[in-house]
Amino acid sequence: MDRVPNVTRADTAAAVRNPLAFIAARWTPDPRTVQRAALVALAMSVVIVITGGAVRLTGSGLGCPTWPKCTDDSLTTTSEMGFHGVIEFGNRLLTYVLCAAVGWAIIAARSQKPYRRSLTRLGWAQFWIVMGNAILGGIVVLVGLNPYTVAAHFLLSSALIAVATVMWQRTREGDGAPRPLVGGSVRQLVWVMIVVSALLIAVGTVVTGAGPHAGDSSEVERMPIDWETVSKAHAVLAWIVVTLTFALWFVLKAVDAPKGPLARTRDLFLVLLAQGVIGYVQYFTDLPEVLVGLHMFGSCLVWIATLRVLLALRERTRETAPGLPAQEYEAPSVSMAGPR
């Protein structure tokens, strides 16, 4: 049995001074470990959105009436607070699980050899978004579930999902300069789709802010907007995204684009169809809580799928060592498709 190496006073000082560097000097994770860590962080960023939706849909938004404590006298929920207190406090506890997942992604990225600064920065970006959203979540409680702060809370969660998606993708590519796989016209079409998708999510928060699910059984302020009108605007934006997705798929097929962008566009189209079905069913059935929760989950999947389309339009190869020949690429056969 191997002896455990003695930890010297210098080791202890180094660990305290820079724990990430200390771990990185003694551990090199497998690339799959880094990928899985990034995927877990992405999955937890979606889970926290779903549980936050559960807090609202069960009317538990003020289950813990204050922040950062659950009550003025207790850090945790009490038996007198009942079901709503458990739901709200449970969602707060999941923030620590999310922090642990993001922290694990940071440690794995920092310890990878060779060191990839871009991955570590993406991990830290997630950490600071989580911290900012935790504070904003506390403000949401302190202002009595003001719908504008609730909307900002969800939009910041969408930003977290975006950064987590980018990090997950970057763990599976190299650090070489990005090489486009399609032409400029296709990339512009995708960026239009990204903008409209972001607008779709933003209008969705307005639908929530004006809708019947206020988040608590007490009188909660709602956005002074006609819910029916904003819901129809939300549906129009959804159809625009579907149309842009279909147009993108058609263009990619016409120019014989690589399989990656085609596959990601197909995935987005299928997710959009499922999300559309859920959206219309919930609209015509007076917004049952289960379907609203599924629609929130679908919103996260739509956002991830849309970003994956954008990220599939280029590739990054691993940088070659000095003196070695760079990878050769086949010349493009169709100008609009870009390099193949």
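## Overall picture

Buried here means under 20% relative accessible area, exposed means over 50%, and partly exposed covers what is in between (1.4 Å probe, protein chains only). On that scale, buried residues account for 44% of the 340 residues in the chain. Keep in mind that this is a predicted model, where local features need pLDDT of at least 70, side-chain atom pairs count only at pLDDT 80 or more, and totals for chains, interfaces and linings use all residues. Residues are numbered from 1 along each chain as its sequence is written, and side-chain values use heavy atoms, with hydrogens and water left out.

The chain has 10 helices and 2 strands; both kinds of element are DSSP runs numbered from the N terminus, with helices being H or I over at least four residues and strands E over at least two. Reading from the N terminus, the order is α-α-α-α-α-α-β-α-α-α-α-β. Contact means heavy atoms within 4.5 Å. Of the contacts between residues at least 6 apart in sequence, 78% join residues at least 24 apart.

## α10 and its partners

Let's start with helix α3 (residues 31-57) and helix α10 (residues 289-311), whose axes come within 10 Å and cross at roughly 155°. Axes are lines fitted to C-alpha atoms, for helices over the stretch in contact, and the angles run from 0 to 180 degrees between N-to-C directions. Angles under 35 degrees count as roughly parallel, over 145 as roughly antiparallel, 65 to 115 as roughly perpendicular, and the rest as oblique. α3 and α10 are therefore roughly antiparallel to each other. Their crossing is right-handed, a label used if the near helix is turned clockwise from the far one by less than a right angle, with anticlockwise giving left-handed. On the α3 side the contact uses L42, V46, V49, I50, G53, R56 and L57, and these meet E289, V292, G293, M296, F297, C300 and I304 in α10. By class, that contact has 10 nonpolar, 2 polar and 2 charged residues. For the classes, Ala, Val, Leu, Ile, Met, Phe, Trp, Tyr, Cys and Pro count as nonpolar, Asp, Glu, Lys and Arg as charged, and the others, Gly among them, as polar.

Helix α6 (residues 147-170) also packs with α10, at an angle of about 40° and with the axes 10 Å apart. α6 and α10 are therefore oblique to each other, and this crossing is right-handed. α6 brings F154, S158, I161, A162, T165, V166, W168 and Q169, while α10 brings M296, S299, C300, W303, I304, L307, R308 and L311. The class split for α6 with α10 is 11 nonpolar, 4 polar and 1 charged.

## Aromatic pairs

Rings of Phe, Tyr and Trp (its six-membered ring) pair if their centres lie within 6.5 Å; planes under 30 degrees apart are stacked, over 60 edge-to-face, and the rest tilted. This rule gives 8 aromatic pairs. In one of them, F127 and W128 have ring centres 5.0 Å apart and planes at 75°, so the pair is edge-to-face. F127 is partly exposed at 22% relative accessibility, while W128 is exposed at 57%.

W227 and Y283 make a stacked pair, with centres 5.8 Å apart and planes at 15°. W227 sits in helix α8 (residues 227-254) and Y283 in helix α9 (residues 259-284), so the pair ties together parts that are 56 residues apart in sequence. W227 is buried, at 19% relative accessible area, and Y283 is partly exposed, at 25%. Ring pairs also link W227, Y280, Y283 and F284 into a cluster.

## Around α9

I278 lies in helix α9. Beyond its neighbours within four places in sequence, I278 contacts L291, L294 and H295. Its C-alpha is 7.5 Å from that of L294, which is 16 residues away in sequence. A274 is also in α9 and is partly exposed, at 41%. The C-alpha atoms of A274 and G298 are 7.9 Å apart, with their positions 24 residues apart along the chain.

## Backbone oddities

The loop between α9 and α10 holds D286 and L287. Neither is a glycine, yet D286 has a positive phi of about 65° and L287 one of about 55°. D286 is exposed, at 71%, whereas L287 is buried, at 12%.

Two cis peptide bonds are worth a look: W67 to P68, with omega about 10°, and K113 to P114, with omega near -5°. P68 is in the loop between α3 and α4 (82-111), and P114 in the loop between α4 and α5 (117-142).
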